[in-house]
Number of protein chains: 4
Amino acid sequence: MINAGIIGATGYAGEQLVWILNNHKDVNIVYLTAHNYAGMSFDDVYSNFRGFINQKCIDLKEATERLDEVDVLFVALHQGGAFEIAKEAMKKGIKIIDLGPDFRIKDVNCYEEWYKIDHNAAELLDEAVYGLVELNREDIKGKALIANPGCYPTATALGLAPLVKNGLVELKSIIVDAKSGISGAGRGANIQNLYCESSESFKAYGVTTHRHTPEIEQQLSALAGDEVIISFTPHLVPMARGILSTCYAQLKKDMTTEEILDFYKEFYKDEKFVRVIDGFPETKWVKGSNLCDIGVRVDKRTNRVIVMSAIDNLIKGAAGQAVQNMNLIFGLEETEGLNFMPMFP
Amino acid sequence: MINAGIIGATGYAGEQLVWILNNHKDVNIVYLTAHNYAGMSFDDVYSNFRGFINQKCIDLKEATERLDEVDVLFVALHQGGAFEIAKEAMKKGIKIIDLGPDFRIKDVNCYEEWYKIDHNAAELLDEAVYGLVELNREDIKGKALIANPGCYPTATALGLAPLVKNGLVELKSIIVDAKSGISGAGRGANIQNLYCESSESFKAYGVTTHRHTPEIEQQLSALAGDEVIISFTPHLVPMARGILSTCYAQLKKDMTTEEILDFYKEFYKDEKFVRVIDGFPETKWVKGSNLCDIGVRVDKRTNRVIVMSAIDNLIKGAAGQAVQNMNLIFGLEETEGLNFMPMFP
Amino acid sequence: MINAGIIGATGYAGEQLVWILNNHKDVNIVYLTAHNYAGMSFDDVYSNFRGFINQKCIDLKEATERLDEVDVLFVALHQGGAFEIAKEAMKKGIKIIDLGPDFRIKDVNCYEEWYKIDHNAAELLDEAVYGLVELNREDIKGKALIANPGCYPTATALGLAPLVKNGLVELKSIIVDAKSGISGAGRGANIQNLYCESSESFKAYGVTTHRHTPEIEQQLSALAGDEVIISFTPHLVPMARGILSTCYAQLKKDMTTEEILDFYKEFYKDEKFVRVIDGFPETKWVKGSNLCDIGVRVDKRTNRVIVMSAIDNLIKGAAGQAVQNMNLIFGLEETEGLNFMPMFP
Amino acid sequence: MINAGIIGATGYAGEQLVWILNNHKDVNIVYLTAHNYAGMSFDDVYSNFRGFINQKCIDLKEATERLDEVDVLFVALHQGGAFEIAKEAMKKGIKIIDLGPDFRIKDVNCYEEWYKIDHNAAELLDEAVYGLVELNREDIKGKALIANPGCYPTATALGLAPLVKNGLVELKSIIVDAKSGISGAGRGANIQNLYCESSESFKAYGVTTHRHTPEIEQQLSALAGDEVIISFTPHLVPMARGILSTCYAQLKKDMTTEEILDFYKEFYKDEKFVRVIDGFPETKWVKGSNLCDIGVRVDKRTNRVIVMSAIDNLIKGAAGQAVQNMNLIFGLEETEGLNFMPMFP
């Protein structure tokens, strides 16, 4: 059994982690931390867990003192939250899977510019690996510090990888227009995320300034072997879960939709969590699963390719991918605990 | 392995059956029927199943001819839909679990009065058992024909059973005000269930005429050992899944909320799928599970007891309960394939 | 022109008041107050008002100092919020329309018991009138202090008045099962009202303890000329606006649905804002209007009558009714500024 | 008084027309037609109209025979629906405002290619004018046949016009990623638009093939004085009303967000229905109004400009704009009957 600690268990990503790990046959959840709910039973915070988990949430300090009890630590905090605990855990040889952004960006300056804080654990960046399994699988195996990708970068990089890695598109032409459900904004008590403020409406936010921009660019640049600069525009959809990323790029040569589709199907043919489809992805068909659905179309009139990729932001875009990474670094079957079907309706 | 056939697999209840059975370690789905989608691959009807199930749907005629291939038949059709197939299956010794209403009402006249059709399989009614497991468990074991309860009756009978069975309330005083998500209306292409017509609105329907009324009364009467006549008012909630049943009854003697709660906790103490809670049930905490959450309050000012029970109408109110029945009649662990947690958010 | 001040303009009821009054041909909005947004332009708080209203919100202190500028003061604050400003305004002969609860309950002890605060303006209670126009019209005319009814009491009292006033039902038998959209919970930043927490779910709340209970009872008792004690259970519907109140009562003698319907149509035949309908009310058909739709059914099997009434909680249940009261006390046409149609879809 | 006939009054755009015209002080609605509801009272189809309009819907044949009774005919039908009635009406000198696509595309071949039907009234195309008032106002005045713009083209052309008309962007670089509420799909009883199928999900549709593509291109080309070919991707948002169009284009020279914003504010400074805002548009702030909110950002890293424009698809994108056109051609104040504020929440 793998003994796991979860730091930040009462955010939505944390809660999904508990949900997945509680059914994972090789994992034992040792403790859960919560900033605002320390001392409360987890199933009093999330009553869906009544009868399943009634551990009391502890605070970060106690979790740090009890590091020896765990084999792996999942950290689901905001920027800056993972620095100290990661240092402590690494010293003790404990695996870290960070669902926050602290170890995703390799360039410290870039991190500090976009996240507006100092990076206090830069010495660990070399040991960190970007945990987008389908694209970095071999690099991840054997690593101790996993930077679990952001939700938008997961959908977007999976959508664009086949094109970018194979030089099929103009790197300067990439535009990513992405849309997320409201759980992506977290569980904070903000007026703008109230039902009455966010239902029955649609908006863009963070236009030209969203922090997932350099993360997407870093990953695409690595695939392309060349610098990629994109335009990235996130939007908020009145639904709880799901991301659809609509990506545009100029083809370098004429290709048909069928050719590109075949190419994608070949690219992902061994992947259990990627489904290349002939039609258009809908977030409902991946909701509650670790899947990514991808569809493509060539716009012959402009010679652009349009790629649409759909994930559940809380699973493939957060907790599910974290468990996928854990499976990988502990030598388990990659799908272990993750082969549940999307739930509909 | 139990070989199962599903008749009516492409309605919402049918789809949930496939979803559950596909993960049930003791079940093999032999065939799926669909009236409108015969010949289509199941995952073309419900794309969440892509990569999991790509069986072609067959029609009812073929299913009838291939009855010998199955051990159990789930029937998820409208009233009248189960008569013929049930007769055929019973002749061959195949277990039937009918998710429709055809074998729920013991009194043929009552059935015909409320459902407005002739009952063409009345000879089977004696062999049928009402499959509300928590209340009829011993009767169900060993039976071949299970009338799987309706969604409202499940929530309501579980909510009221402790009171009614123990003579704590005036039987003539019971009022049931129930609320259901829109999936309860099925997958038919009706204007009134369009997003634009049913979102952001709330209404009652079928007031004094809903067909679940005699079913609830039959079950409560059996528990009480006396005739129970109720007022039942269903409402439609702008959400996909979930039922909350709010029940009112006059207490025969003074009791406190605490006394009633204790009584409920004792009544359901061995049940895996019923959670008696101190607070008020919310459908979100049972969504995607086979659970029923129950809360109670005594209104001291009127000496009424108010019982609230919440289920997922498609699982505990349909497909999950059907599988629970199957587990029971095949001698499996009752929770087999059903111990998944509610999904939130 | 009537010069109006609005205290608490940035809550949802306040915002709707501004929305209505801004189009009212006889009203000039002199000032708006906001606790949290003082100093901000109103259209920065609610951007739908861009291009229509860019007054800066002021604080309560300034509003109090500038009382002489207004003819009428609308107060849309929580309990206790209206005591001081009402005293000041009454001294100066300014009309007060209080959308909060402070002057609704005639019995000070009852107010203090349910609202858990001292009533610091009890001397004004005699001068206050309960502003449910359809039921108290003549009492309201000429009054200076209007207690604008709560949202649930408005829907419920309009629904039950014909029965209660004419002695058609057993007074001890009344049960009110009411359902409200989430705007009823206000604009506070509470986790439970976040989109992800309140969408796709349904629950009861405040069971046996909701503060609208004594208000409904007071109004029904006044109509009946006898004490009425009810059971009242509010629920939260995943929609922004709307209330449906489903009321149950035992008929004293046999009556048919048609008889009751005719009786209701006669009772409300001169009312511009009440529509008695043959079918079942749906909140969508009154959304964005000052209307109340009422439907009834007799349950012959139990001799109960079931009354359903639907309003827009923010308009007929708050701001619209407040303007209706203003029209009445200023001698304007009662429908002035209020005859807009419901908006659908 | 202007006597108006409405052809296709029971679709969502038609219903909104009735809603607006019923409050328009200079308009008398002479008749309403409905294909599926002929003979039914309009308020039985849309119960929000109870007490406001109880005219019986007539059929198209009767409307054609009674053309002499009207001064203006609004046609809200699918492609091909306006050909015959427009010919009849034009002969009689009756003004036509067609909310469908039949007279929007000047090039018959282009129309026939995208709409897959023959154009049977090509002789009228020269007399038709594209009714996007803010951009074609002078051309519209005095015209008899108005092609009321599509919903996506309205939002998109208003958003891009200042850039395109002034040669600020590369014409080949324009990408339009648009998102619409579900009312845009009409009131047809399609499974995909059921609540359970379209809520809590997001998808693209009609990628590279949507019929609004040539309409947008025609309008942008006219503004640019040069051919514009775009990529256009529409998406479906789980909300009833609203469109947000996110547009991307390469700037020809370096400009800042502030410069572009100033330029937009100047461009639209006399427009009553366009609000250029410093922040990001949200559809909720224009819901229920004839407004268009526009925001812009320059992405300095790529030298792209991103324009976001929000409208209510049923009002500015359909019925409201139709009335705006009517006001214009009848010499009324352009805002007459249209200066209602957005409704929130």
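**Close-up views of the predicted model**

**View 1. Two salt bridges link the domains of chain A.** In this predicted model, the interface of domain 1 of chain A and domain 2 of chain A holds two salt bridges. Look for A:Arg104 and A:Glu215, which form a salt bridge with their closest N and O atoms 3.2 Å apart. Polar contacts can be counted here too: 14 residue pairs, both at pLDDT 80 or more, make them between domain 1 and domain 2 of chain A. On the domain 1 side, α1 (12–21), α5 (108–115), α6 (133–140) and α11 (315–329) of chain A each bring at least two residues to the surface that touches domain 2. Of these, α11(A) gives the most, with five residues. Sorted by class, that side of domain 1 has 12 nonpolar, eight polar and seven charged residues.

**View 2. Chain A is divided into two domains.** Domain 1 covers 2–149 + 316–329, while domain 2 covers 152–312. Their centres, taken over C-alpha atoms, are separated by 24 Å. Where the domains meet, 27 residues of domain 1 and 30 residues of domain 2 take part in the contact. About 2,400 Å² is buried between them, with carbon and sulfur atoms giving 54%. Within domain 1, A:Trp114, A:Leu135 and A:Lys316 are the residues to find: they lose the most area to domain 2, together 31% of what that side buries.

**View 3. An annotated span of chain A.** An unreviewed UniProt entry lists residues 3–143 of chain A as "domain: Semialdehyde dehydrogenase NAD-binding". The span is 32% helix and 16% strand, and its end C-alpha atoms lie 17 Å apart.

**View 4. Chain D meets chain A.** Here 50 residues of chain D are in contact with 50 residues of chain A. Together the two chains bury about 4,000 Å², 55% of it on carbon and sulfur atoms. On the chain D side, D:Glu200, D:Phe202 and D:Arg301 lose the most area to chain A, together 17% of what that side buries.

**View 5. Polar links between chain D and chain A.** Six salt bridges are found across this interface. One to zoom in on joins the side chains of A:Lys284 and D:Glu197, at 3.4 Å from N to O. The interface also has 32 residue pairs in polar contact, both at pLDDT 80 or more. Elements giving two or more residues to the chain D side include α8 (195–198), α9 (212–224) and β7 (175–180) of chain D. With four residues, β7(D) gives the most. The chain D side divides into 24 nonpolar, 11 polar and 15 charged residues.

How values were computed:
Residues numbered from 1 in each chain as written. Chains lettered and ligands numbered in written order. Predicted model: local features only at pLDDT ≥ 70, side-chain atom pairs only at ≥ 80, totals over all residues. Heavy atoms only, no water. UniProt positions renumbered as here; feature names shortened; annotations may be inferred. Contact = heavy atoms within 4.5 Å. Buried area = accessible area lost by both parts, 1.4 Å probe. Salt bridge = Lys/Arg side-chain N within 4 Å of Asp/Glu carboxyl O. Polar contact = N/O pair within 3.5 Å; in protein donor to acceptor, adjacent residues only side chain to side chain. Nonpolar A, V, L, I, M, F, W, Y, C, P; charged D, E, K, R; others polar. Domains from an automatic or database assignment.
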